[in-house]
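Me: I'd like to practise reading a structural model with you, going feature by feature. Could you give me the idea behind each feature and then the case here?

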Amino acid sequence: MTTILPTTLAILMAIAVYFLRLKLANRPSSVKKIILPPFFMSTGALMFLFPPFRVAPLQIIEALLVGFIFSIFLIKTSNFEIKNDQIFMKRSKAFLFILLGLLAIRIVAKIVFSAHFDIGELAGMFWILAFGMIVPWRIAMLLKYKKLESSLHNVSH
C-alpha cells in the first residue's frame, strides 16, 4: 500500500516528462533550459537535513553509480539539430521506451528494496539515484549543445 502513491506519482511524472520533451522539441533550446532542471531538483537535497532520510556512504555511492549508468541511456537519446539557424532538441522514438524502461526498473527496485530499507532511507537513495542520473545527462546535453552552437556560429561567420 505504501508504494501505490509513489508509484502512481512516478508514472505521472514520466508521462509529464515525455510530453514536456515533445513540447520542447518545437521550441529552440538554450543553455538555461538545459542547466536549470538539476538546480531545481537540487532543492530536494534538503530532505537530508532530517534523520529519516539520511543514507549511509556506501548507499550514496551505489545510488550515484546506478544513476550514472541510467544516464547513459538518456544521453544516447538526447541530441540536437539545427533548424532555421536555431538549435532544437531532436525527437527520439527510443526516448519514450527508455523512459518507461527506467521507470519499470525503478518501480521493481522500490518494491524489492522496500522490504530491506526504511521508507525515508529508500526515498533518499532514490533521490540520489535520480540526481546522479540527471546531472551527467544534462552535462552531456550542454556539451552537445555548445558544440553545435559553436559550429552554427562558425558557419554564420
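Me: Let's start with contacts. Which residues does Ile128 touch, not counting residues up to four places away in sequence?

Reply: Happy to help, and please keep in mind that this is a predicted model. To read contacts, set sequence neighbours aside and see what remains. Ile128 then touches Phe48, Val55, Ile60, Ala63 and Leu64. Ile128 itself sits in helix H5, which covers residues 119-156.

Me: Is Ile128 buried or exposed?

Reply: The idea is to compare relative accessible area with a cut-off: buried means under 20%. Ile128 has a relative accessible area of 7%, so this residue is buried. You can also look at separation along the chain: Ile128 and Ala45 are 83 residues apart, while their C-alpha atoms are separated by 8.4 Å.

Me: What share of contacts in the whole protein joins residues at least 24 apart?

Reply: Here you count contacts between residues at least 6 apart in sequence, and 82% of them join residues at least 24 apart. For burial, 32% of the 157 residues are buried.

Me: How many helices and strands are there, and in which pattern do they follow along the sequence?

Reply: You list the elements from one end to the other. The protein has five helices and two strands, arranged as α-α-α-β-β-α-α. Its C-alpha trace spans about 60 × 25 × 20 Å along the principal axes.

Me: Now charges. Which side chain of opposite charge is nearest to Glu121, and how far away is it?

Reply: For a buried charge, look for a salt-bridge partner, which would need to be within 4 Å. Glu121, in helix H5, is buried but has no salt bridge, and the nearest side chain of opposite charge is Arg54, 11 Å away. Arg54 is nevertheless among the contacts of Glu121, together with Pro52, Phe53, Val55 and Gln59, once neighbours within four places are left aside.

Me: Which residues gather in a patch of positive charge on the surface?

Reply: For patches, look for like charges that group together on the surface. Here they are Lys23, Arg27, Lys32 and Lys33. Lys33 belongs to helix H2, residues 31-42, and counts as partly exposed because its relative accessibility is 38%.

Me: How far apart are the mean positions of the positive and negative charges?

Reply: You average the places of each kind of charge and compare the two points. With 17 positive and 6 negative charges, the mean positions are 9 Å apart. As for the surface, the accessible area comes to about 10000 Å², with 74% belonging to carbon and sulfur atoms.

How values were computed:
Residues are numbered from 1 along each chain as its sequence is written. This is a predicted model: local features need pLDDT of at least 70, side-chain atom pairs count only at pLDDT 80 or more; totals for chains, interfaces and linings use all residues. Side-chain values use heavy atoms; hydrogens and water are left out. Patches are made of residues with over 30% relative accessible area and no salt bridge: like charges are joined within 9 Å, nonpolar side chains (Val, Leu, Ile, Met, Phe, Trp, Tyr) within 5 Å. Accessible areas come from the Shrake-Rupley method with a 1.4 Å probe; for residues, only the protein chains shown count as cover. Lys and Arg count as positive and Asp and Glu as negative; His and the chain ends are not counted. The place of a charge is taken as NZ of Lys, CZ of Arg, CG of Asp or CD of Glu. Helices (H or I, at least four residues) and strands (E, at least two) are DSSP runs, numbered from the N terminus. Buried means under 20% relative accessible area, exposed over 50%, partly exposed in between (1.4 Å probe, protein chains only). Contact means heavy atoms within 4.5 Å.
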